[in-house]
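Got the viewer open? Let's take a walk through this structure, one selection at a time.

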Amino acid sequence: RGGIQGYLRLSVSLLGPGDKPYVHKKEEEDKAGGDGLILLPPTMKREVVFLRVGLYRASHLPEMDKTFVGGRVAGAAINAYAKVVFAGYKAKTEVVDSQSPEWHTEFWIPVLVPSVGQKITISIRDRDKYQYPPYEEVDILYLSFDDVLKEEAPKLGWYHLYGLDS
């Protein structure tokens, strides 16, 4: 398989004490178009903020179920879910049996800034009950925490998913 393997719509923002998150309306969705280690001196002051990752929906995900000879099962749905990993924190959405799942889920991750974690990993997966591991990766998206911190990451946007196997 080559080319784009679907899309994921998500938002990422950073909130400090007393900050209020921007809550987008569903109508806005349609309009809005490596864990490296940082050594910190012991005297550096750190503050707690919240990394908010909103996973809203994916679109045009591929059919993932395989036949016994390795081909794809035509017309088979994907049992889609998303998993977020950042600086030891892990969370996942519910499983939705659709090639265009809607999750409308947010994860609030407490972060000490400056942070030792730099890579936000968001993977889209197909749950498979009868294999090990019990999932197949559709694609993995990596975001830079520094980009979110500097407000250089889109607050709400679509990201291309290209798939892991060609």
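Keep in mind as you click around that this is a predicted model. Start by selecting strand E1, residues 7-15, together with E2: the two pair in the antiparallel sense over 9 bridges. For a landmark, pick Ser11, which stands opposite Gly54 in E2.

Now zoom out to the whole sheet. This is an open sheet of 4 strands, in the order E6-E2-E1-E9, and the pairing is antiparallel. At the edges you'll find E6 and strand E9 (157-160); each has a single partner strand, so one side of each has no neighbour in the sheet. Turn the view a little to look for the twist, which averages 30° from one strand to the next. What holds strands like these side by side? Strands of a sheet pair through backbone hydrogen bonds, either parallel or antiparallel.

Next, select E2 (residues 47-59) along with E6. They run antiparallel and are joined by 10 bridges. Here Arg52 stands opposite Trp108 in E6.

Stay on E6, residues 102-113, and switch on the side chains. They alternate. Trp103, Thr105, Phe107, Ile109, Val111 and Val113 point to one face and are buried. Glu102, His104, Glu106, Trp108, Pro110 and Leu112 point to the other face and are not buried.

Which residues make the nonpolar surface patch? Select Val48, Phe50, Trp108 and Leu112: together they make a patch of about 330 Å². E2 and E6 each supply at least two of its residues. Click on Leu112, which lies in strand E6. Its relative accessible area is 40%, so Leu112 is partly exposed.

Time for some charges. Side chains of opposite charge can pair when their charged atoms come close. How many salt bridges are there to look for? The count comes to 2.

Go back to Arg52 and add Glu106: they form a salt bridge, with the closest N and O atoms 2.8 Å apart. This pair links distant parts of the chain, since Arg52 is in strand E2 and Glu106 in strand E6, 54 residues apart. Is Arg52 buried or exposed? Arg52 counts as buried, because its relative accessibility is 4%. Glu106, at 34% relative accessibility, counts as partly exposed.

For the last stop, select Arg125 and Glu137, whose side chains meet in a salt bridge (3.1 Å, N to O). Arg125 is in strand E7 (residues 119-127) and Glu137 in strand E8 (residues 135-144), 12 residues apart. Arg125 has a relative accessible area of 9%, so Arg125 is buried.

Definitions and conventions: Residues are numbered from 1 along each chain as its sequence is written. This is a predicted model: local features need pLDDT of at least 70, side-chain atom pairs count only at pLDDT 80 or more; totals for chains, interfaces and linings use all residues. Side-chain values use heavy atoms; hydrogens and water are left out. Buried means under 20% relative accessible area, exposed over 50%, partly exposed in between (1.4 Å probe, protein chains only). Two strands pair if DSSP finds at least two bridges between them. Patches are made of residues with over 30% relative accessible area and no salt bridge: like charges are joined within 9 Å, nonpolar side chains (Val, Leu, Ile, Met, Phe, Trp, Tyr) within 5 Å. Accessible areas come from the Shrake-Rupley method with a 1.4 Å probe; for residues, only the protein chains shown count as cover. A salt bridge is a side-chain nitrogen of Lys or Arg within 4 Å of a carboxyl oxygen of Asp or Glu. Axes are lines fitted to C-alpha atoms, for helices over the stretch in contact, and angles run from 0 to 180 degrees between N-to-C directions.
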